[in-house]
Amino acid sequence: MVKTFIVVPTYNEKDNLPILIESLFKLNIGDLHILIVDDNSPDGTGQIADEIIKKNPDKVSVLHRKGKLGLGTAYITGFKHCLKRGADQIVQMDADFSHNPKKVTELIERLKESDMALGSRYVRGGSLDENWAFWRKGLSSFGNLYIRMILRMPIRDVTGGFRAWKRKTLEGIPLERVKSQGYAFQIEMAYITHLMGYFISEVPIYFADRSRGDSKMSLKIQIEAARRVWSILYEYRDLKRI
Ligand SMILES: Nc1nc2c(ncn2[C@@H]2O[C@H](COP(=O)(O)OP(=O)(O)O)[C@@H](O)[C@H]2O)c(=O)[nH]1
Ligand SMILES: [Mg+2]
């Protein structure tokens with residue numbers, strides 16, 4: 001049976017985590033494992049994860065890290081862990097319900113015809129929370145356009161963080177070279193995947209604003225991502241297609 005891992009990075013998600021795990025269990029995915037990567041959340045998300053695991057020791061596990069080390073390293077550590085444990089496919093998603101758990105099945109389904117499936121707000125059928133202020137929507141779509149133009153990527157939603165990976169894609173990517181955090185991490189991973197010639201398929205999603213807890217992303221992280229794009233362009237000029 002195909003072994004699916006879902007990696008969920010958490011930082012102060014105590015109200016979201018238990019209900020997210022419940023929703024993921026309801027999906028009809030055969031051999032499912034959930035890996036939480038918690039950065040010693042001050043709100044006690046780590047302890048809540050431990051309690052969930054006591055009840056489901058063979059379905060859920062957690063990596064406790066010392067402190068807030070960033071989204072990028074959380075995912076890289078998580079991915080390596082899943083590969084070691086024999087994952088055939090790996091899903092990455094936020095803990096805050098911005099990514100609808102029900103869409104996981106569709107993302108995985110798309111892996112039959114692609115090397116990575118990307119939940120996308122900017123393809124036909126995709127959309128953003130209607131409560132987002134127009135400037136926030138504008139900033140997000142302008143940001144995507146800016147990045148796509150510099151990196152010459154045919155992907156519509158380069159900062160999206162709802163993705164499914166085939167094992168062989170994550171094995172092929174030089175994960176040890178990925179240094180970005182925040183949005184830039186999503187950009188860097190998408191860029192490497194595209195450069196190496198892996199096929200990325202976009203699945204339309206509705207991106208909902210979180211209703212519990214606070215966003216960890218700031219304008220500073222967005223500006224950082226805009227600057228990082230240039231280093232990413234430079235750093236991978238040697239990368240060969242597979
Ligand atoms: N482990 C870990 N998780 C993080 C970190 N920063 C953000 N996250 C998690 O990554 C996901 C996306 O972050 P969020 O703040 O919702 O970003 P936004 O949706 O862009 O506002 C959520 O599940 C967060 O809890 C971090 O430094 N470490
Ligand atoms: Mg969020």
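## Working through strands and helices

Strand β5 (residues 116-120) is mostly covered, with five of its five residues buried. Keep in mind that this is a predicted model.

**Exercise 1.** Work out which residues of β5 point one way, which point the other way, and whether they are buried or exposed.

*Solution.*
- Start with the general pattern: in a regular strand, side chains alternate between the two faces of the sheet.
- Now sort the residues: M116, L118 and S120 go one way from β5, while A117 and G119 go the other way.
- Then check burial: residues on both sides of β5 are buried.

**Exercise 2.** Find the strands that pair with β5, and say whether each pairing is parallel or antiparallel.

*Solution.*
- Take strand β7 (residues 163-166) to begin with: three bridges join it to β5, and the two run antiparallel. To place the register, put M116 opposite W165 in β7.
- Next comes strand β8 (residues 200-204), which pairs with β5 in the parallel sense over five bridges. Here S120 sits opposite P204 in β8.

**Exercise 3.** Classify the packing of helix α3 (residues 71-84) against helix α7 (residues 182-195), then describe the contact.

*Solution.*
- Get the geometry: the angle is about 45 degrees and the axes lie 7 Å apart.
- Compare with the cut-offs: under 35 degrees would count as roughly parallel, and 65 to 115 as roughly perpendicular. The angle fits neither, so α3 and α7 are oblique to each other.
- List who touches whom: L71, G72, Y75, I76 and F79 from α3 meet G182, F185, Q186 and M189 from α7.
- Sort that contact by type: six of its residues are nonpolar, three are polar and none are charged.

**Exercise 4.** Decide where the buried residues of helix α1 (residues 17-26) lie around its axis, and find what covers them.

*Solution.*
- Pick out the buried residues in α1: L17, L20, I21, S23 and L24.
- Look down the axis of α1: these residues fall within an arc of 160 degrees, so they line one face of the helix.
- Identify the cover, which includes β1 (3-10), β2 (31-38), α2 (45-55), β3 (60-64) and α4 (104-110).

**Exercise 5.** Take β2, and work out how enclosed it is and how it runs relative to β1.

*Solution.*
- Count burial: seven of the eight residues of β2 are buried, so the rest of the structure largely encloses this strand.
- Turn to the pairing: β1 and β2 run parallel, joined by eight bridges.
- Fix one point in the register: V7 stands across from L35 in β2.

Key: Residues numbered from 1 in each chain as written. Chains lettered and ligands numbered in written order. Predicted model: local features only at pLDDT ≥ 70, side-chain atom pairs only at ≥ 80, totals over all residues. Heavy atoms only, no water. Buried < 20%, exposed > 50% of the residue type's maximum accessible area, 1.4 Å probe, protein only. Helix = DSSP H or I, 4+ residues; strand = E, 2+ residues; numbered from the N terminus. Pairing = 2+ DSSP bridges. Axes fitted to C-alpha atoms, helices over the stretch in contact; angles between N-to-C directions. Parallel < 35°, antiparallel > 145°, perpendicular 65-115°, else oblique. Contact = heavy atoms within 4.5 Å. Nonpolar A, V, L, I, M, F, W, Y, C, P; charged D, E, K, R; others polar. Arc of directions from axis to C-beta.
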